[in-house]
Amino acid sequence: QKMHKKEANWSFNDLEERAVMDMRRGIEKSFLFGMKGKIFDTVKKSWIYLTGGIWGQAGKEYKYDNSKDFTEQDLIGLMKQVFTGNGGNKKRVFLAGSDLIEKINKITFNKDVYANDTVTKWGITFRDLISNFGELYVLHDETFDECGKSGCGLIIDPEYLTKYTWMPFGREELSLKEAGVRNTDAVVL
């Protein structure tokens with residue numbers, strides 16, 4: 001009974017922040033691994049369009065034996081495939097799940113690939129891997145783990161990314177009491 005009388009120190013702002021983070025995680029999953037398509041909503045009598053993620057659009061694929069350790073030679077083969085035959089940038093972003101990050105962290109680097117400490121680009125801190133082929137900015141992305149792809153990664157050329165902002169993210173408080181609609185206040189995000 002004493003435990004039921006206690007209240008958690010949660011405010012509306014805490015719940016709001018949690019809802020926003022949940023929405024952003026869902027959007028990120030959709031943009032990475034979503035399946036393009038459309039579904040007809042019979043209640044609203046309208047179409048719902050599904051986002052096609054970048055995972056399905058990636059061109060090349062590098063496969064490794066997940067049951068074995070990832071070696072420096074595997075990493076060199078990966079970097080060769082990434083940086084040759086496409087005329088792209090010599091610096092790429094490597095997003096990966098926890099199992100793949102763990103395998104890369106276990107590599108003992110000799111002389112062919114150099115692992116620098118960290119690099120900060122675009123306000124994000126990456127682990128830096130350098131070879132004669134090019135440079136990879138490595139980042140652990142929990143989205144891969146949440147989507148069942150913890151042993152996978154995605155390498156992106158940042159020169160081909162464009163950021164579009166339709167409407168900047170904002171917060172507006174509405175007083176439904178003053179409007180005579182309801183005895184409460186609301187927030188539109």
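User: Among contacts between residues at least 6 apart in sequence, what share joins residues at least 24 apart in this chain?

Analyst: Contacts of this kind tell how far along the sequence the chain reaches to find its partners. In this predicted model, 53% of the contacts between residues at least 6 apart join residues at least 24 apart.

User: How many helices and strands does the chain have, and how does its radius of gyration stand against the globule rule?

Analyst: The chain holds six helices and nine strands. Its radius of gyration is 23 Å, well over the 16 Å that the globule rule gives for 189 residues, so the chain is more spread out than a compact globule. The C-alpha trace spans about 70 × 50 × 30 Å along the principal axes. Of the 189 residues, 25% are buried.

User: Take F83 as a single case. Where is F83 found, and is it buried or exposed?

Analyst: F83 is part of helix α3. Its relative accessibility is 4%, and because buried means under 20%, F83 counts as buried.

User: Which residues does F83 contact, once its neighbours within four places in sequence are left aside?

Analyst: The partners fall in two stretches of the numbering. One list runs N89, K90, K91 and R92, and the other F133, G134, E135 and L136. Separation along the chain can be set beside separation in space: F83 and L100 are 17 residues apart in sequence, and their C-alpha atoms are separated by 20 Å.

User: Now the strands. In which sense do β3 and β6 pair, and over how many bridges?

Analyst: To read a sheet, take the strands pair by pair and note the sense of each pairing. β3 and β6, the latter covering residues 135-140, pair in the parallel sense over six bridges. A bridge also fixes the register: V93 has Y137 of β6 as its partner.

User: In which sense do β5 and β6 pair, and how many residues join them?

Analyst: That pairing is antiparallel, with four bridges. The two strands are joined by a hairpin through four residues. For the register, R127 stands opposite V138 in β6, while D128 has Y137 as its bridge partner. Y137 is thus a point to inspect on both sides, with V93 as one bridge partner and D128 as another.

User: What should be kept in mind about side chains when following a strand?

Analyst: In a regular strand, side chains alternate between the two faces of the sheet.

User: How many bridges link β4 and β5, and in which sense do these strands pair?

Analyst: They pair in the antiparallel sense over seven bridges. In this register A115 is opposite L129 of β5. The hairpin of β4 and β5 has two residues between the strands, and in it W122 takes a positive phi near 55°.

User: What sign does phi have in most residues other than glycine?

Analyst: Most residues other than glycine have a negative phi. W122 has a positive phi of about 55° although it is not a glycine. Its place is in the loop between β4 (114-121) and β5. At 56% relative accessibility, W122 counts as exposed.

User: Where is K45 found, and what is its phi?

Analyst: K45 belongs to the loop between β1 (37-41) and β2 (46-50). K45 is not a glycine either, yet its phi is positive, about 55°. K45 is exposed, with a relative accessible area of 62%.

User: Turning to pockets, what is the volume of the largest one, and which residues lie nearest its centre?

Analyst: A pocket is read from its volume, then from the residues and elements around it. The volume of the largest pocket is about 1,500 Å³. Its lining has 31 residues, with I27, E28, F31, T162 and K163 nearest the centre. Elements giving two or more residues to this lining are α2 (12-33), β3 (91-96) and β5 (124-130). α2 supplies the largest share, six residues. By type, the lining divides into 20 nonpolar, seven polar and four charged residues.

User: What is the volume of the second largest pocket, and which element gives the largest share of its lining?

Analyst: Here the volume is about 960 Å³. The lining of the second largest pocket has 28 residues, and A58, G59, K60, L154 and I155 lie nearest its centre. Two or more residues each come from α3 (72-83), β3 and β7 (153-156). The largest share, four residues, comes from β7. The lining of this second pocket divides into 16 nonpolar, seven polar and five charged residues.

Definitions and conventions:
Residues numbered from 1 in each chain as written. Predicted model: local features only at pLDDT ≥ 70, side-chain atom pairs only at ≥ 80, totals over all residues. Heavy atoms only, no water. 1 Å grid on protein atoms, 1.4 Å probe; cavity = no way out; pocket = protein on both sides within 12 Å on 5 of 7 lines; lining within 4 Å. Points joined across faces, edges and corners; volume = space filled by probe spheres on them. Nonpolar A, V, L, I, M, F, W, Y, C, P; charged D, E, K, R; others polar. Pairing = 2+ DSSP bridges. Buried < 20%, exposed > 50% of the residue type's maximum accessible area, 1.4 Å probe, protein only. Rg over C-alpha atoms; globule rule 2.2 N^0.38 Å. Contact = heavy atoms within 4.5 Å.
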